[in-house]
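Here is a short briefing for the bench. Please look over the sequence and the fold before reading on.

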Amino acid sequence: MSLASNIFRTSLGRKYLMALSGAGLFGFVVVHMLGNLTIFAGPAAINQYAAKLHSMGPLLWIARLGLLMMVGIHIWTAIKLASENKRARQFQYEGTIEPVDIHRKNDIVSRYAARTMIYSGLIIAAFAFYHLAHYTWKVPQINGLDADFETFYVHEEDNGEKQITAYTTAMPIGEGAEGENAVDVYRMVTTGFGVWWISIFYVISIGLLCIHLSHGLSAMFQSLGFKTKASQKLINRFACTAAWLLFAGYVSVPISILLGFVK
Amino acid sequence: MNLKLRVWRQDNAEEAGGFEEYEALDISPDMSFLEMLDVVNEDIIADGEEPIAFDSDCREGICGTCSMVINGVPHGGQQGTTACQLHMRHFSDGDTIVIEPWRATAFPVHRDLIVDRTSFERIQQAGGFISVRTGSVPDANATPVPKEDSDLAMDAAQCIGCGACVAACKNASAMLFVAAKVSHLSLMPQGQPERTRRAFSMVNQMDEEGFGNCTVTGSCEAVCPKEISLDFIARMNREYGRALLKKGCS
Amino acid sequence: MATKKKKNIPKAKAVKKTSRRSKLILDSKIPDGPIAEKWDKHRFNLKLVNPANKRKYEVIVVGSGLAGASAAASLGELGYNVKCFCYQDSPRRAHSIAAQGGINAAKNYQNDGDSAYRLFYDTVKGGDYRSREANVYRLAQVSVDIIDQCAAQGVPFAREYGGLLANRSFGGAQVSRTFYARGQTGQQLLLGAYSSLNRQISLGKVEMHTRSEMLDVVIVDGHAKGIVVRNMITGEISRHSAHAVVLATGGYGNVFFLSTNAMGCNVTAAYRAYKRGACFANPCFTQIHPTCIPVSGDHQSKLTLMSESLRNDGRVWVPKDKKIAEKIRKGEVKPNDIADKDRDYFLERKYPSFGNLVPRDVASRNAKEVCDEGRSVVSSGLGVYLDFADAIKRMGENTVRERYGNLFDMYEKITGSNAYQNPMTIYPAVHYTMGGLWVDYNLMSNLPGLFAIGEANFSDHGANRLGASALMQGLADGYFVLPYTIGQYLAENGIDNRPSIDDTAFSNVQEQVESRIDTLLTINGERTPTSFHRELGKVMWDKCGMARNKKGLEEALRKIPKLRKEFWQNLSVPGENAALNQSLEHAGRVADFLEFGELMCRDALQREESCGGHFREEHQTPEGEAKRNDDNFSYVSAWEHKGEKKIPQLHKESLVYDEVKMTQRSYK
């Protein structure tokens, strides 16, 4: 078999792909969260950050493409592996798991996160799609508001005379255009998460993402062959801590908005 | 004690199977689980019926022949114990015990609780060996093996090939088995020349047999009668990565 | 039923009717010359098969344990086309796997004065001077190659920190020559042989047939030329022809029903060969292992052995008083409550210098003796204590745990009792059979073309096998003896000497096999194969077990034919042949055990001496030790089948000892 088929067509090769794409996506999730957190530094910070990203032009598109590819590989391998898994085990046991050493039940029944990776993953994918539609493509019909995020822009230049502060002063609705003016991310986010059910959906999805990561982050080390009994504890702790930190970081935004800490 | 058994009965690979209920009466706590089945079978034969077919041979936990899922757990769930070494004192009077064969597409049922594990054979035939010809070998002490490596190789080599790992895995993955074999040979200096080739051929054969993939749930390690560690799966992944790099660079 | 059976028998006879066998001479073909040069010289004199011609030869190997797998792999490597058969679902599961202790080899890695000669000497002496010198010397010679071979296969032997191989000492030797891989040397060596076998399977040189049971051997013009096999999944009976047939089918310990053998171990292959004309040698030589877990009840299906090493620190005892023993059996008194003065440490008392470390046969017999006196400590009446209380006091529980932890765990798993707190109970059990098919120096039986290797032959262990020698012999035969010696027979007989499976000899044998299966299935009696097996086992154990006497053996010789008669009239085997049918498999094996048991008793009866594992109560020293009779019994008894209901004929191969001086063993 060729190198490519040894990677793409074997179980272990695909696990490598899954682990590496997962690692990339984890990196994205971390950076994205750090970006989100700039909201607590006020509108200027987050809008400026967004503007900087947008100004990168082709680089941004390369990053986006890379991200898309990773998502594609991650989902493709996941579906491929899951369907193989299903085929490999078509019968379920009738006996409920009741080991003779009953205290070992928890070892034998695998962790919830591990058992449900494909489901949490697919729901996260659906959420990510919605999230893109919500804030990136700005489809007005799904934001639960009368507002159209497409119209949220800010002034970029500091013009003391007209009392305009850069990146914080909203342009009136109708003014500003895609590509020419900076997007008022701050307003978009605070308005967007002002809708309680959207925030709840968001929190739940982030929760699933973190459950997914709590297993995925440790399994990644296993798939790449870095895990040993000695490092296992450390790796599991890292996965768990990272998942909780991400959860806290992401969820702090909608909660703060709903509770009125961020206006 | 008296027990109720729900046992999977199936005439052969083609026909559909189903559960049958049996009474196991006057069971002594000193019996092994398989001896309990022997007793039940004697009664079944006395009734002119065909006994429950199940695999067993050495009955001392080393040949890896016995294979049954007891109450949802391969080998019954006593730590580091095969079904043949499990004793009835772990059950109580009046219990209902569900007994099923290993469930995996790569392990089709031959009859009742007996499954076909020749897929394991083919994986090992694909590369689970060191190519040495009888007689054409150096003195055993000509190649020193660090004790740590040898001990670790022995940890892997303890695998008895029973297939409980596959049976326990929700994906019917054979990774723990293949990992034990790959690790054992790759840890020994004698296994180095064929290291890359072996990793590819055994993994490919494993895939071909229709085993599932590892989702690192750890059930395999928990039911393994020889308590083979999940570490070896990581080691096999590493071996495979190494093989990919070697192939990519060559 | 009876008529059907009768119909079956004359056919069997017809096939074997030759005048050749009445004048049977057993020629051991031992080469001349000094013992150390015999094998080299012989190897040089053996005919060779041209490499290009090897692929035109077919060899059948039955059994895939250490001997079978190593032979099949080595023959495949040489270029022969091999068909290998085993009843297990994988060659790796053969019962060689259960050997715990280790494998002997005269490597002298410990620099303690070991040599091939010393290993040879120990083995002949350990075998109580009933083995063939030349064969044993060869065994000792090739033992060193085995370790090299296995290490090269990647067997993870125990190592020292420097990376070199570690050794331990074992019973019957004063040097450390035993190589081991934790407590599972047998499994690791078998996995090594199995991996070589796998390589040959993948190369297409060996065709492996698993879950296949050999039911008969086919003789064409006096030569073994094939076998008839039942596929255990489909019931299909098939014929296989070859230039030579190798039996590596293990021992017959299961004739006792309860033994440390695997459930499937059986005598069928060897016994069928015997009925076709091969001589069966020394069937009464069986080895009893002293430290097994006692029988817990009638349901018991097999016995579990615990390493002999336990006797290094455990003390064997029973109460002095029968009445106390009875109270223990009833559970009224606990062993720990019995004062030291009321205990009888019988091995230490009788053998002050060896104490608890006397050889296997001596320890076993003494345990039986005290139990026969009514001083047993388990309710079945068969068990003595092996007490670690003193060892724990002396070196602490942790040290004991370090040394024997896994054995204590296993003991607890099986008995439910904690041996750190209560003494273990142990009792001897059948473990290994030294007897087997008679073979010459080339490992060929008296039937040309039929070879027997490993435990299935008789040659190397005499009347008693030393620990860690079974693995050595199996691999020696398979790797380093048979691959050479089989060439002689093949070269002599030529490529054309392989009949087609359409030959009438094949169809006759298949017919007989099928009609026998039919008979088993249509008796429609009341009793299961297991119940007959258990009953036979009890007779064998009582009359032909650890201690034998004329009266008992004669009684057994009356009982067994009766039981056999009942078997053929009152057996119940449900199901059909054309499916996986475990009762049928078992019934066929029990049928052969029922005949073989008689042969064993006959052999034990004619051997009017005590030697090794064979203890005749009439022949003991005043102190109760085994008393050999070298003048009259220094021979191999080889039994020739003379037909159904006829008494088999005894042939004697006298044993000549040029190298080793015969002495009486003493462990006082």
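The points below cover the chains, their contacts, the cysteines and a few single residues.

This is a predicted model. Of the pairs of chains, 2 touch, and the pair B and C has the most contacts. The structure holds 0 disulfides over all chains. In chain B, B:His75 stands out for a positive phi of about 65°, although this residue is not a glycine.

**Chain A**

- Chain A holds 10 helices and 2 strands.
- Read from the N terminus, the order of elements is α-α-α-α-α-α-α-β-β-α-α-α.
- The C-alpha atoms of chain A fill a box of roughly 80 × 45 × 35 Å along the principal axes.
- Chain A has 263 residues, and 42% of them are buried.
- Take the contacts in chain A between residues at least 6 apart in sequence: 68% of these join residues at least 24 apart.
- The exposed surface of chain A is about 14200 Å², and 68% of that comes from carbon and sulfur atoms.
- Chain A carries 21 positive and 16 negative side chains. The centres of these two sets lie 19 Å apart.

**Chain B**

- Chain B holds 8 helices and 7 strands.
- The C-alpha trace of chain B spans about 65 × 35 × 35 Å along its principal axes.
- Chain B has 250 residues, and 68% of them count as buried.
- Among contacts in chain B between residues at least 6 apart in sequence, 70% link residues at least 24 apart.
- Chain B has an accessible surface of about 7600 Å². Carbon and sulfur atoms account for 46% of that surface.
- There are 22 positive and 37 negative charges in chain B, and their mean positions are 12 Å apart.

**How the chains meet**

- Which chains share the most contacts? Chains B and C do, among the 2 pairs that touch.
- Chains A and C are joined by no contact. Their closest C-alpha atoms lie 12 Å apart.

**Cysteines**

- Why is B:Cys214 not bonded to B:Cys220? The two sulfurs are 6.4 Å apart, which is too far for a bond. A disulfide needs the sulfur atoms within 2.5 Å.
- B:Cys220 offers the closest cysteine sulfur to that of B:Cys214.
- B:Cys214 counts as buried because its relative accessibility is 10%.
- C:Cys292 is in no disulfide either. The nearest cysteine sulfur belongs to C:Cys371 and is 13 Å away.
- C:Cys292 is buried too, at 0% relative accessibility.

**B:His75**

- Where is B:His75 found? This residue is in the chain B loop between strand S4 (73-74) and strand S5 (96-100).
- B:His75 has a relative accessibility of 0%, so this residue counts as buried.
- The side chain of B:His75 reaches the backbone nitrogen of B:Ala83 at 3.0 Å.
- Neighbours within four places in sequence aside, the contacts of B:His75 include B:Thr81, B:Thr82, B:Ala83 and B:Leu86.
- B:Cys66, B:Met68 and B:Ile70 are also among the contacts of B:His75.
- Other contacts of B:His75 are B:Trp102, B:Cys162, B:Ala164, B:Val223 and B:Pro225.

**Loop residues of chain C**

- C:Asp221 has a positive phi of about 50°, although this residue is not a glycine.
- C:Asp221 is in the loop between strand S6 (212-220) and strand S7 (223-231) of chain C.
- Is C:Asp221 buried or exposed? C:Asp221 counts as exposed, because its relative accessibility is 74% and the cut-off for exposed is over 50%.
- C:Lys330 is in the loop between helix H9 (322-329) and strand S13 (343-344) of chain C.
- C:Lys330 is exposed, with a relative accessible area of 57%.
- C:Lys330 and C:Tyr194 are 136 residues apart in sequence. Their C-alpha atoms are 49 Å apart in space.

Notes
Residues numbered from 1 in each chain as written. Chains lettered and ligands numbered in written order. Heavy atoms only, no water. Buried < 20%, exposed > 50% of the residue type's maximum accessible area, 1.4 Å probe, protein only. Helix = DSSP H or I, 4+ residues; strand = E, 2+ residues; numbered from the N terminus. Polar contact = N/O pair within 3.5 Å; in protein donor to acceptor, adjacent residues only side chain to side chain. Contact = heavy atoms within 4.5 Å. Areas by Shrake-Rupley, 256 points an atom, 1.4 Å probe, with all protein chains shown as cover. Lys, Arg positive; Asp, Glu negative; His and termini not counted. Charge placed at Lys NZ, Arg CZ, Asp CG, Glu CD.
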